[in-house]
Amino acid sequence: MQTNNSKDKVRQLQNKLYLTAKKCSSRRFHALYDKVYRDDVLFEAWKRVKANKGSSGIDGIGIEDIEAKGVNRYLTEIQEEIKSGNYRPSPVKRVMIPKPDGSQRPLGIPTVRDRIVQMATKIAIEPVFEADFKECSYGFRPKRSAKQALEVVRKACNNKGYYVVDADIEKFFDNVNQEKLMTLVEQRISDRRILKLIRQWLQAGIMYGNILEISELGTSQGSVISPLLANIYLNTLDRLREKYGLTHGKLVRYADDTVIICKNKKRANHALSLLQYIMGKLELKLHPVKTKVVCMWDGKEGFDFLGMHHRRMTTETEHGKTFQETYQYPCKKAMKKIKATVKVNVNSRQLLVAKEEDLIKNLNLKITGWRNYYQTNTSNKWMQALDWYIICTFTRWYNNKHQGRNKMSKVRFVRKNIYKKGLKRMSVA
């Protein structure tokens, strides 16, 4: 099963499918199922699933168990199941993930076996739909990222984008109409076996402990195939808005997170009305409280998008001249989450016996990731505040470890010491 250059072979396959789909927007693909169980596609699917890590599903079989059994043997078994048409997905295991505001977000965990088959199917069908997706969509797409979306938002806001429609789709993944979704999939794919696979995943159900629940609405948030299905569903939004609302403002969408940057309030209200109309067509609802029109004109209001807060502020040049620009910096929720992670990884009771060097090494990995995402030309003030929080957290850890009464004593010593031992900074020096 293990194939050399599986990545290159898969890329060639996807390029061919993409170019074929791009040539004719009305073409329906009828021979994709055999691509799913190709040796190179299955092996590449396994590599991607392994790289994403993740825990086991309801069968309790994890990545390590498969490696112990033998990857080639496991993939060959899956290949035979798909080839013979005997593959049946297992229900998704439901877990609740705590959110920063104290509430919980449901997450579905398919079995590793199902994740591999979903990834292989995604590899085969994604290029077909990529040919149709619009420029305004950035979420979970090849060669597109949240950073790119944020840069488009920044430029649009600086280019007289004084009003922003900050849209929140209420429980999007729970409310997707499966029949409408399948109709959209069938506009491009006529391969009955591929369609059957997707229907099986939608109808596999969710396991709550020992109780199986099957819903006619929604896609499992956490499944490999789910982000692609979400983009297929919401491409209708992108398409209709491009057709009827292009003059209203600039749409930027990352999965179900959506903003429309407009030049005045009238256009913003038109954009919001059109958005509500399209949501009605898709049988979705905008959150009545979280969806709002934000005035960016005077800097009194701002909006959160993809973990960043956006607000117009006055900047002074070296020569004393002032101008307004859009600042992007970590939103309150992101700041709170980062601080909580720092506290857990430094000043926890069980870490009092740990070596300072080990804490620094562990935290540096997280700091690098945060800095790569949150560092912008205008975020240094907030990054410096996080640096100070990290110093204070290390100081508390040091004094707890040495049984100091004053938790913030020796802060200068700790600061000098941790940077000397290689702690990275969030801010630009």
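1. Let's start with Val128. In this predicted model, Val128 has a relative accessibility of 0%, so it counts as buried. The residue belongs to helix α6. What does Val128 touch, once residues up to four places away in sequence are set aside? The list is Ala21, Phe29, Leu32 and Arg188.

2. Staying with Val128, have a look at Ile189 too. These two residues are 61 places apart along the chain, yet their C-alpha atoms are separated by 8.5 Å.

3. Next, the helix that carries Val128. Helix α6 covers residues 112–130, and it packs against helix α10, which covers residues 192–202. Two packed helices are described by the angle between their axes and the distance between the axes. Here the angle is about 135 degrees, and the axes lie 12 Å apart. Are α6 and α10 parallel or oblique to each other? With angles over 145 degrees needed for roughly antiparallel and 65 to 115 for roughly perpendicular, the pair falls outside both and is therefore oblique. As for handedness, the crossing of α6 past α10 is left-handed.

4. Which residues make up this helix contact? From α6 come Val117, Gln118, Thr121 and Ile125, and they meet Ile194, Leu197, Ile198 and Trp201 from α10. Sorted by type, the contact of α6 with α10 has 6 nonpolar residues, 2 polar ones and no charged ones.

5. Now over to Thr236, which sits in helix α11, residues 226–244. Is Thr236 buried or exposed? Its relative accessibility is 10%, so Thr236 counts as buried. If you leave aside neighbours within four places in sequence, Thr236 is in contact with Leu184 and Leu282.

6. A word on the cysteines. A disulfide is a covalent bond between the sulfur atoms of two cysteines. How many disulfides does the structure hold? The count is 0. Take Cys295 as a case: why is there no bond from its sulfur to the closest cysteine sulfur? That closest sulfur is in Cys157, 12 Å away, which is too far for a bond; the cut-off for a disulfide is within 2.5 Å.

7. Finally, two cysteines and their accessibility. Cys295 comes out at 15% relative accessibility and so counts as buried. Cys24 comes out at 32%, so Cys24 counts as partly exposed. The dividing value that matters for both is 20%, since buried means under 20% relative accessible area.

Methods
Residues are numbered from 1 along each chain as its sequence is written. This is a predicted model: local features need pLDDT of at least 70, side-chain atom pairs count only at pLDDT 80 or more; totals for chains, interfaces and linings use all residues. Side-chain values use heavy atoms; hydrogens and water are left out. Buried means under 20% relative accessible area, exposed over 50%, partly exposed in between (1.4 Å probe, protein chains only). Axes are lines fitted to C-alpha atoms, for helices over the stretch in contact, and angles run from 0 to 180 degrees between N-to-C directions. Helices (H or I, at least four residues) and strands (E, at least two) are DSSP runs, numbered from the N terminus. Angles under 35 degrees count as roughly parallel, over 145 as roughly antiparallel, 65 to 115 as roughly perpendicular and the rest as oblique. A crossing is left-handed if the near helix is turned anticlockwise from the far one by less than a right angle, and right-handed if clockwise. Contact means heavy atoms within 4.5 Å. Ala, Val, Leu, Ile, Met, Phe, Trp, Tyr, Cys and Pro count as nonpolar, Asp, Glu, Lys and Arg as charged, and the others, Gly among them, as polar.
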